[in-house]
Amino acid sequence: MSVIIETENLTKIYSVGGREIRAVDNLNLKVYEGDVFGYLGPNGAGKTTTILMLLGLIMPTSGGGRVCGYDIIRESRKVRSVVGYVPEKYSFYEDMTAYDNLRYFAKLNGIPDGEIDDRIRRALEIVELQDRAGRSCSHIFTWNEAETRISQHSNKESKTNIPR
Ligand SMILES: Nc1ncnc2c1ncn2[C@@H]1O[C@H](COP(=O)(O)OP(=O)(O)O)[C@@H](O)[C@H]1O
Ligand SMILES: [Mg+2]
């Protein structure tokens, strides 16, 4: 199995009004392809700071890392192009149809025009929402329902599934 996320002594110290806050302290992490990895800790433990550094949205104070083989400091645009994100609260435009939302995000993600329709068709198939592509997102589903469908799909496809 190849390493998909790797950090070496990743450290972030924030300076606030002359005071130093050591948010992430020499983190050494290896996550392998196919792993489902939970990164847990109490409020203020440094989880968000770690993820912001992995995505190149803030610079480490020292140390470094790689995501999918790309250096988080020198190749952060590449990192962001290969990382997916499922927000806590869904972020679709409710007054647009499901199809238009997917098309909009596909374009933002730089998916070539000729591939977009096919990708949307496959995505809607996975969550069994093909018949509702033309309806506005506010009428389609709750985020819970979508998550349930996605996890049902992963149940079918994968050998490991960690329920929440
Ligand atoms: N932009 C910032 N400036 C100064 N301190 C910060 C900033 N962001 C987070 N911190 C501090 O860094 C520590 C880790 O925070 P954070 O990464 O948000 O933890 P978590 O996501 O695990 O709750 C906390 O002490 C927090 O107050
Ligand atoms: Mg956080």
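How many bridges join strand β1 to strand β2? Select residues 3-16 for β1 and residues 19-32 for β2. The two strands run antiparallel, and 10 bridges join them. Keep in mind that this is a predicted model.

**The whole chain**

Zoom out and colour by secondary structure. The protein chain holds six helices and four strands. Follow the sequence and the pattern reads β-β-α-β-β-α-α-α-α-α. The chain has 164 residues, and 13% of them count as buried. Now turn to contacts between residues at least 6 apart in sequence: 52% of these join residues at least 24 apart.

**The sheet**

Show the strands alone. The four strands form an open sheet, in the order β2-β1-β3-β4, with antiparallel pairing. The edge strands are β2 and β4, and each pairs on one side only. For β4, select 70-71.

Go back to the β1 and β2 pair. Pick Lys12 and look across to β2: Val24 stands opposite. Next, go to the hairpin of these strands. Two residues lie between β1 and β2, and Gly17 there takes a positive phi near 55°.

Then select residues 62-67, which make up β3. Two bridges join β3 to β4, and this pair also runs antiparallel. Val67 stands opposite Tyr70 in β4.

**Two asparagines to check**

Most residues other than glycine have a negative phi. Two asparagines in the sheet strands are worth a click.

Start with Asn9, in strand β1. Its phi is positive, near 45°, though Asn9 is a residue other than glycine. Is Asn9 partly exposed or buried? Asn9 counts as partly exposed, because it has 14 C-beta neighbours inside 10 Å.

Move on to Asn26, in strand β2. Asn26 is not a glycine either, yet its phi is positive, at about 50°. Here the neighbour count is 12 C-beta atoms inside 10 Å, so Asn26 counts as exposed.

**Helix α1**

Select 47-54 for α1. Which residues of α1 are buried? They are Thr49, Thr50, Met53 and Leu54. These four cover an arc of only 135° around the axis, which means they sit on the same side of α1. The spacing fits a general rule: an α-helix has 3.6 residues a turn, so residues three or four places apart point the same way.

Now show the strands again, with these side chains as sticks. What covers the buried residues of α1 includes β1, β2 and β3. Step past the end of the helix to Gly56. This glycine follows α1 and has a positive phi, near 70°.

**Around ligand 1**

Finish at ligand 1. Which residues are around it? Select Tyr14, Val16, Ile21 and Ala23, then add Gly41, Asn43, Gly44, Ala45, Gly46, Lys47, Thr48 and Thr49. Colour this shell by residue class: five are nonpolar, six polar and one charged.

Then colour the shell by element. β1, β2 and α1 each supply at least two of its residues. The largest share, three residues, comes from α1. Thr49 deserves a last look: it is one of the residues around ligand 1, and it is also one of the buried residues of α1.

Technical notes: Residues numbered from 1 in each chain as written. Chains lettered and ligands numbered in written order. Predicted model: local features only at pLDDT ≥ 70, side-chain atom pairs only at ≥ 80, totals over all residues. Pairing = 2+ DSSP bridges. Near = placed C-beta within 6 Å. Nonpolar A, V, L, I, M, F, W, Y, C, P; charged D, E, K, R; others polar. Buried ≥ 20, exposed ≤ 12 C-beta atoms within 10 Å, placed from the backbone. Contact = placed C-beta atoms within 7 Å. Arc of directions from axis to C-beta.
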